[in-house]
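Q: Please take a close look at one part of this model, the place where one domain meets another. I would like one connected account, with the cut-offs stated for each term.

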Amino acid sequence: MIDQMLAASPNLMNTFLFFTIAAAFLMVILGFVTYAILAERKVLGFMQMRVGPNRVGGRWGLLQTVADVLKLLIKEDTIPKLADRPLFILAPVLAFTPAFLVLVVIPFSENLKFADLGIGLLYYIAISGITTIGILTAGWASNNKYALLGGMRSAAQMISYEIPLVMSVIGVVLLTGSLNLNEIVAAQENWAFIFIQPVAFIIFLIASIAELNRTPFDLPEAESELVAGYHVEFSGFRWAFFMLAEYVYLFAMASLTTVLFLGGWQPIPFLGFIPGIVWFALKFILIVFIMIWIRGTLPRLRADQLMSFGWKVLLPLALANIFLTAIIKELINSF
Amino acid sequence: MQDLYNVYQNSYLFVFVFLLLGILLPIVALTAGKLLRPNKPTPAKQTTYESGIEPFHQSWVQFNVRYYMFGLLFVIFDVETVFLYPWAVAYDKLGIFALIEMLIFMIMLVIGLIYAWKKKVLTWI
């Protein structure tokens, strides 16, 4: 249906329909965020031999996050007197908007996709870079020492890991010859790229966890040293938007990993009768689970380890991967 | 051809709709919150948090030059990536000549990276 709408000539009616579809999708994302937070708390709880939330909403704590959001909504919103007020208000929006904006290019199944951009991958990378500015703005505008330290650390970390992230993807682009995410999925009909580009997958996974500021790369908000990093001064719903941005990025990154390396909606051989969206969901949940698992397992890195790992290990490895791929491809073509 | 052009236009329309929603959600949520939440500011509430003590000085200070160095390195390698993407997309048509050319370009940047490495720019203190 979306295919036909995309092919029709642009008109007001369709724009309105697009808006409805996007709003419905936004609701799905909010639902995902609600239950991803609960799942994370539950899984972490079980990994640490605890039970996790189990009071609000039955034995599984199904309404815990909903209650948390409602509490945040009616919480008093304080802006410090010394803070840079306009930037302080702008920062949560600047962090959240790109997180939602990147989702437009991700194809969820043959039929369920939004924009069919020829430069989908480049669009994703370019837009996701804006979030760094949002976080840096938050740290700066707070006029708080912890927040500024957290914001600067976050900016340094995010720009350092963006390089290996974008470079690891080039191997996939080389094999596909396209930046369109639909074509990248189509190219994985026989073999998912995780088998052809294992090094790229590992670099991408590590760098994406660093981009998401999750443990073991959670230095920007290291609770034990910086209190909460760039969002110390934020309270109530402004704070909730930073949390929301973080989890929407988790959704986006896990989707992108699924699309680039796990073959998106392509089924495992002989199981093609199961619809594509189910395959996408299964692979997506696997990636999210792995990220929670890593959080439950690994301790936080030191700042100097973090930087030298990004620049001295991941970057040369990503460069080597690009050229090995290109040379092997050249050799296969010439024989 | 007309179809492709329509897909192109509609795709960016979709991007615009997403942008609109991404900005609208914070505005709507914060406005709704404004009507619901209490607002009783006191001077004590509005001080900057500094682990309980009275905050001293501003925190808008000069920062370590190291961050600037990493920013510079980032720009260099990000621009390089911008060159790598079109090369990777068009690789099938360009062939061995472009591969060697890109290798030379890359080696020059790797020399830069090694130089920065030896100059201890990459070590974080």
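A: The domain contact is described below, followed by its surroundings.

The model is predicted: local features need pLDDT of at least 70 and side-chain atom pairs pLDDT 80 or more, while totals for chains, interfaces and linings use all residues. Residues are numbered from 1 along each chain as its sequence is written, and chains are lettered from A and ligands numbered from 1 in the order in which they are written.

Chain A is divided into domain 1 (1-74) and domain 2 (84-334), with bounds from an automatic or database domain assignment. Between the C-alpha centres of these two domains of chain A there are 19 Å. Their contact draws 17 residues from domain 1 and 16 residues from domain 2, where two residues are in contact if their C-beta atoms, placed from the backbone, lie within 7 Å. On the domain 1 side, the elements that give two or more residues are helix H1 (2-7), helix H2 (12-47) and helix H3 (64-73) of chain A; helices here are DSSP runs (H or I, at least four residues; strands are E, at least two), numbered from the N terminus. H2(A) has the largest share of that side, with ten residues. By class, the domain 1 side has 15 nonpolar, no polar and two charged residues (Ala, Val, Leu, Ile, Met, Phe, Trp, Tyr, Cys and Pro count as nonpolar, Asp, Glu, Lys and Arg as charged, and the others, Gly among them, as polar).

H2(A) also packs against helix H12 (residues 236-261) of chain A: the two axes come within 10 Å and cross at roughly 100°. H2(A) is therefore roughly perpendicular to H12(A). Axes are lines fitted to C-alpha atoms, for helices over the stretch in contact, and angles run from 0 to 180 degrees between N-to-C directions; under 35 degrees counts as roughly parallel, over 145 as roughly antiparallel, 65 to 115 as roughly perpendicular and the rest as oblique. From H2(A), the contact uses Ile29(A), Phe32(A), Val33(A), Ala36(A) and Ile37(A), and from H12(A) it uses Leu244(A), Tyr247(A), Val248(A), Leu250(A) and Phe251(A). By class, this contact has ten nonpolar, no polar and no charged residues.

Leu72(A) belongs to helix H3 of chain A. Leu72(A) is buried because 20 other C-beta atoms lie within 10 Å; the cut-offs are 20 or more for buried, 12 or fewer for exposed and anything in between for partly exposed, with C-beta atoms placed from the backbone. Leaving out residues up to four places away in sequence, Leu72(A) touches Gly236(A), Phe237(A) and Ala240(A). Its C-alpha atom is 9.0 Å from that of Arg238(A), which is 166 residues away along the chain.

For the wider setting, an unreviewed UniProt entry places the feature "transmembrane region" on several spans of chain A, among them 16-38, 161-179, 247-265 and 271-294; such annotations use the numbering used here, have shortened names and may be inferred rather than shown by experiment. Residues 161-179 of chain A are 84% helix and 0% strand, with end C-alpha atoms 21 Å apart. For residues 271-294 of chain A the figures are 79% helix, 0% strand and 30 Å.

Chain A also meets chain B, in a contact of 65 residues from chain A and 57 residues from chain B. H1(B) supplies the largest share of the chain B side, 21 residues. By class, that side has 36 nonpolar, 15 polar and six charged residues.
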